[in-house]
Structure formats: C-alpha cells, structure tokens
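Me: Please take a close look at a single part of this model, and tell me how it sits in the rest and what open space it borders.

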Amino acid sequence: MEEKHMWQFGTREVVYAAIGAALYGVFSWVTNFLALPAAGNISLRPAVSIPMFFGVAFGPWVGFLSGFVGNILGDFLSGWGFWWYWDLGNGLMGMIPGLIWLGITSYKAKDAIIKAEVMVVIGAAIGMLVPSLLEIFFSGIDLKTAIGGYWFPAFLSDAINGLILVPILMVAYDSVAARSGR
Amino acid sequence: MLVTWKYRPRQSVIETFDPRARWIFSMLILFAIIKFWDIRFLLFFFALVMTQYALTKLTWAETKRAWFFILFLILFIVALNTLLTGRGGTAEVLHGGHVLWRLEWHVLGLSIHPTITVERVWFAMSQVVRMLSISILFFVIPYTMDPRLYGVTFRGLGLPDRFAFSMDLAFRFVPTLARDFSTTLDAQKARGYEVERMEGGIIAQIRKMAPLVVPVTMNAILSGEDIVNAMDLRCFGIRPRTWVHQLHYQRRDHLLIAFGLVIFIAAIIVRNVLHVGDFWLPTWALQWAA
C-alpha cells in the first residue's frame, strides 16, 4: 500500500480538493437563504462542514483548497465578488482539521471523532480569526468590532455546523473508504 | 435547480484585458487604497473603481442583490465600529473629539453610553468610502472573468500546476454536483423530506440538512475514485501540463499593469515620503458639534 505523507498533493488530492471545493461552493449557494441575524456577512452554512470533513478525510491541502476555492465559488455563484482574506480563512478552517489525517484508521471510531471535533473547533476559531484580524488592516475597524462583529458570529456558526455534520459525514465515509480500499 | 455563473460575454472593454493583468492591477490598487485614511484620496480611488465598474457594462438588474449585500455589510460593520469605539487605523480618533451626540442605553441592567463625535462620524464616512472602493474593485470579477480561464490564469500567476488544475476542475464540477444535489433533493422530497419546513432550533435545522449533504458528498467521493483512476492511467502530473486555453499578454495588458504600478508607487511616495494621506478632518465639519 502506498505510504501517506501529511502534505502530499498527488492526483487523488487534486481531484478531491476540486470535489470538496465544488461541493462547498454549491452547498453555500443553496443554503445562503438561511441568514443568521447576528451579523451582516455571516450566514448559517452547513456547507462549512465540507472543507473540514475533506481535511479530515484527505489531508490538510485538500481541506485548505476545498475551503479556499469553495468559498470563492460560493461567492461567485451568489455574485458577491471576491473576498480573498475570507477565502483564506475558509481554507485554514479546512486545513487545520486535516492535521489529524494521518492518525485516523477508522472514521467511525470514537477517538477519531473526538479528535476531529476538537480540530473542527480549533479550525473554526483560527480560520475565522485570521480574516477578522485582517479586516482591521483593510477596513480600519478596531479589535472589538473585529471580534464582536466578525469573528464571534462566524466562529460560533461554523463550529456548531462542523460539530454536528462532520461526525455524520465521517461515519458515512467509513463505509465508503472501506469500499474503495484506500 | 440550475446553477449559472454570473459571467456572460458582454463585449466590454474590461473583458479584452488578460485576466492575469487584471488580477495584478486589482492587487496593486488594493494595496494602494489601504495606505490612505484621507477621504480626499479615498474618493479618487472610489472614482477609479467606479470607472472600472462603468466599463464592465453591468446592469442594475444583474447586480442589485450584490449591491444590497455589500452596502448592508459595510454599513452594519461601520455603524458597529462607530458605536463601539469609532477607532480604526488612526489612533487619534479614539480619544476626545467634538461631541455630536451622547447616547444612553440600558441593556440588561447595564448602562451603555456611547459618545458620537464629529471625528468618529468623519472617520466612519472615510471608512465607508474605503470599504466600498475595495469591495467594488473585486466585485466585478465574477461577472466579467470567464470561469474557464481561472486555472490557466492562476497557473500564469505562479500557482503550481496541480493546484491550478485542481482549481480548474472545481469550476468544472459545479454544474454536475449541482445537478446531483437537485436529484437528491427531489428524491428526499419524494420520501417526505420537507426542506422548506425549517422549524426548530439551530441544531435541529443543521441536522435536517444531513439527508441532503451526506448522499451528495458520498456520491461525489465515489465518483472521484473513477476520475483519479482515469487521470492516473493518463499519467497525470508526470510532466508540466499544457492548457486548452492559452493566455498572451498584449500591449494593453502591459499598460494596465504599468498604470497599477504607477498608482501603487505614487501611493507609497505620498504616504511614506510626503507623509500625506492620514486621517483628515475638514475644519468646517467641526461646526456640526456646535
């Protein structure tokens, strides 16, 4: 069996990063109607679980590209323009859970799910913190607004979505992974 | 459910430029804009990006949803920032100032009394112009750049072959996956799944998405195996790839990049050598406080 490396990016990763990004883009576009009242640009997007899950299942680069490119696609489909630092944040949100990729042998094992849940929360926290802080630089807001207006609602929404849907996707993927023999 | 890209050929001037030149120009203008807090300079950039917008031949009907989204987002954040501290990139706005209103709110037993000063209001206006300029600069891209060219564009901008190809593939997968989603939605509805009835708390709402998210994702992963095998059989990644669409810089592209560079260098000279362009408050605005 081929040996896996944390940062590998071969054919398999190229394809799954593209699938993850396309799924994230399509789901984001579909669920944009579920807008949370908390903040202007934050919507309740179950789709955020896609880059997190793709990170866990296929590695950090796949998670990163699923989030980064997927967010671009979602914004392009909705016609909202290009917000590169939020794309970067979404990429990090997928990349960080991907750091446990090599340690997972069974996707339905309790310890794998707990590890993934912890990384989902860390990923959502760091992933949304980076663009929120960059908004200080670009938009001239202060730290309180960046945290209260951007980071907190985005982190809360993304972490909740990830915590609920990533384990469901992991359990479903366990049988798929066994079927494909990879 | 039909997924359509916002792009369609409009025979506009903007579309005649090489996408790489447009990305480089946009990034240079972005980094020039963020050097300023003086509304006079920001209005120059606002005029520049609105000129770009005018050259795209976009109509109000096509873009009104995006305009509302951008304006709501900017006004919400600026209002929040102004009420919370009013401070931004320029520290002098934080302390003191000429009082315009002193508000007093009682929320959950706490007394909140933000003070709105002339300086804060003027800073908020500068902030709106700056944020709008940055948003409009990039807002036209989905409408005016052919999605088939993103892969080759980012390859041309230095992204490694595999990453650029992955990006290209993602754009191509969107219609297929949207169709799969639509089929799954119809199948689940036939089984009694009611996507429109989104009642219950947030957690219940998210869990209700699982019957849609899980089958579409697992189906896509299974199909992905076939694509991986097909690409491996064709020796993908052994040599640098060639692209169906080729991009070539024309004279106008070099001129666009040069124009962007001139503005960027001028911005550096104005801010770092002449020390002009920091937060500016006209003296006549102080009369508002009286």
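Reply: What follows concerns helix 3 of chain A and the pocket beside which it is placed. This is a predicted model, in which local features need pLDDT of at least 70 and side-chain atom pairs count only at pLDDT 80 or more, while totals for chains, interfaces and linings use all residues. Residues are numbered from 1 along each chain as its sequence is written, chains are lettered from A in the order in which they are written, and side-chain values use heavy atoms, without hydrogens and water.

Helix 3 of chain A (a DSSP run of H or I, at least four residues, numbered from the N terminus) covers residues 60–78, and its 19 residues reach 27 Å from first C-alpha to last, close to the 27 Å expected at 1.5 Å a residue, the expected span being 1.5 Å times one less than the number of residues. Because 17 of these 19 residues are buried, the helix is largely enclosed by the rest of the structure; buried means under 20% relative accessible area with a 1.4 Å probe, protein chains only. After the helix comes Gly79(A), with a positive phi near 75 degrees.

Helix 3 of chain A also gives six residues, the largest share, to the lining of the second largest pocket. A pocket is an open set of points on a 1 Å grid over the protein atoms alone, with protein on both sides within 12 Å along at least five of seven lines, and lining residues have an atom within 4 Å of a point. Among the 16 lining residues, Phe68(A), Phe82(A), Phe154(B), Leu159(B) and Met167(B) lie nearest the centre.

Terms used: Helix = DSSP H or I, 4+ residues; strand = E, 2+ residues; numbered from the N terminus. Buried < 20%, exposed > 50% of the residue type's maximum accessible area, 1.4 Å probe, protein only. 1 Å grid on protein atoms, 1.4 Å probe; cavity = no way out; pocket = protein on both sides within 12 Å on 5 of 7 lines; lining within 4 Å.
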